[in-house]
Amino acid sequence: LDDTLRLNSKRVWIVDPLDGTKSFVNRNEEFCILIGLVENHIPILGVIVQPINNKLFIAVRNKGAYVYESNQWKKLTVTTNAPLETSRAILSKNHFSEKEKNFLSYLNMENVLHRGSALKITTLSEGNAEIYFTFSDQLKQWDTCASNCILTEAGGVMTDLDGEKLNYNTKNLLHDKGILATTSQFHILILQKIKNYKNGNTN
């Protein structure tokens, strides 16, 4: 539940107790719990719990990102120095639009994975994919807050499709300019390709 009194607070918790409702209903593993802490509109703590696999992701601003699995901790680091033509895009399993399919074709990317919920971003953070994007204007701050912190601390970047940083604890809870999450290597390149695609320059 939202309470606009949060707008007067320097720090707020942003929580999604069930991210990936369709996956949960369909009884597959691709749902999770998201917990984010925001200070001055920036995520400073991110926690993602994947209950089915007993997997825990956590990041603290300027302290790195880690995953706990099989009774051990591992530091998270995104892929580096991967050529675009062999890179992996990871996109929504349940919300994959025709516009997004067409943009993938424009990128000439054939290595495409599909996952539900914020696990798309944890996959990036683990180095198992390089690019996530959505043209949707319906994602909300609780969908991205925790994963934004985790990806950033793993060396990746998350912005809107114009390259602007995502602000949190704002009056408008929607990310209405879409989302781009990538390794730092590809971020500027994909932003330019998105701009060209929107302008009809697909040569």
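Which residue takes a positive phi just after α4? That residue is G155, with a phi of about 100°. Keep G155 in mind, because we will come back to helix α4 once we have walked through the sheet; please also remember that this is a predicted model.

Let us start with the sheet. Six strands make up an open sheet, and their order is β1-β2-β3-β4-β5-β6, with antiparallel pairing. At the edges sit β1 (11-19) and β6 (72-75), each of which pairs on one side only. If you look at neighbouring strands of this sheet, they are turned by 15° against each other on average, direction ignored. What holds strands together in a sheet? Strands of a sheet pair through backbone hydrogen bonds, either parallel or antiparallel.

Now follow the chain along β2 and β3. Strand β2 covers residues 32-39, and seven bridges join it to β3 in an antiparallel arrangement. You can find one facing pair by looking for L34, which stands opposite I48 in β3. The two strands form a hairpin with two residues between them. In that turn, N40 has a positive phi of about 50°.

Strand β3 itself runs over residues 42-50 and is mostly covered, with seven of its nine residues buried. On its other pairing, β3 meets strand β4 (residues 55-60) through six bridges, in the antiparallel sense. Here V49 stands opposite L56 in β4. Once more the two strands form a hairpin, with four residues between β3 and β4. N54 lies in this turn and has a positive phi of about 50°.

Moving on towards the edge, strand β5 (residues 64-69) pairs with β6 over four bridges, and the sense is antiparallel. To spot this pairing on the model, look for V67, whose bridge partner in β6 is K74.

With the sheet in view, we can return to helix α4. This helix, residues 141-153, lies across β1, β2, β3, β4 and β5, and runs at about 100° to β3. From its first C-alpha to its last, α4 reaches 18 Å with its 13 residues, close to the 18 Å expected at 1.5 Å a residue. Even so, α4 bends by about 30° at S147.

Is α4 largely enclosed or open to the outside? Eleven of its 13 residues are buried, so α4 is largely enclosed by the rest of the structure. Among the buried residues are C145, A146, S147, C149, I150 and L151. The list also includes Q141, D143 and E153. As for helices in general, an α-helix has 3.6 residues a turn, so residues three or four places apart point the same way.

Two other helices are worth a visit. Helix α1 spans residues 21-25 and contains S23. With a relative accessibility of 1%, S23 counts as buried, because buried means under 20%. Which residues does S23 touch, leaving aside its neighbours within four places in sequence? S23 is in contact with N28, E30, F31, N94 and G116.

Finally, look at helix α5, residues 187-198, where you will find L189. At 36% relative accessibility, L189 counts as partly exposed, since that value falls between the 20% limit for buried and the 50% limit for exposed. You can also trace the chain from L189 to N199, ten residues apart, where the two C-alpha atoms are separated by 16 Å.

Key
Residues are numbered from 1 along each chain as its sequence is written. This is a predicted model: local features need pLDDT of at least 70, side-chain atom pairs count only at pLDDT 80 or more; totals for chains, interfaces and linings use all residues. Side-chain values use heavy atoms; hydrogens and water are left out. Buried means under 20% relative accessible area, exposed over 50%, partly exposed in between (1.4 Å probe, protein chains only). Two strands pair if DSSP finds at least two bridges between them. Axes are lines fitted to C-alpha atoms, for helices over the stretch in contact, and angles run from 0 to 180 degrees between N-to-C directions. Contact means heavy atoms within 4.5 Å. The expected span of a helix is 1.5 Å times one less than its number of residues. The bend at a residue is the angle between axes fitted to the seven residues ending there and the seven starting there.
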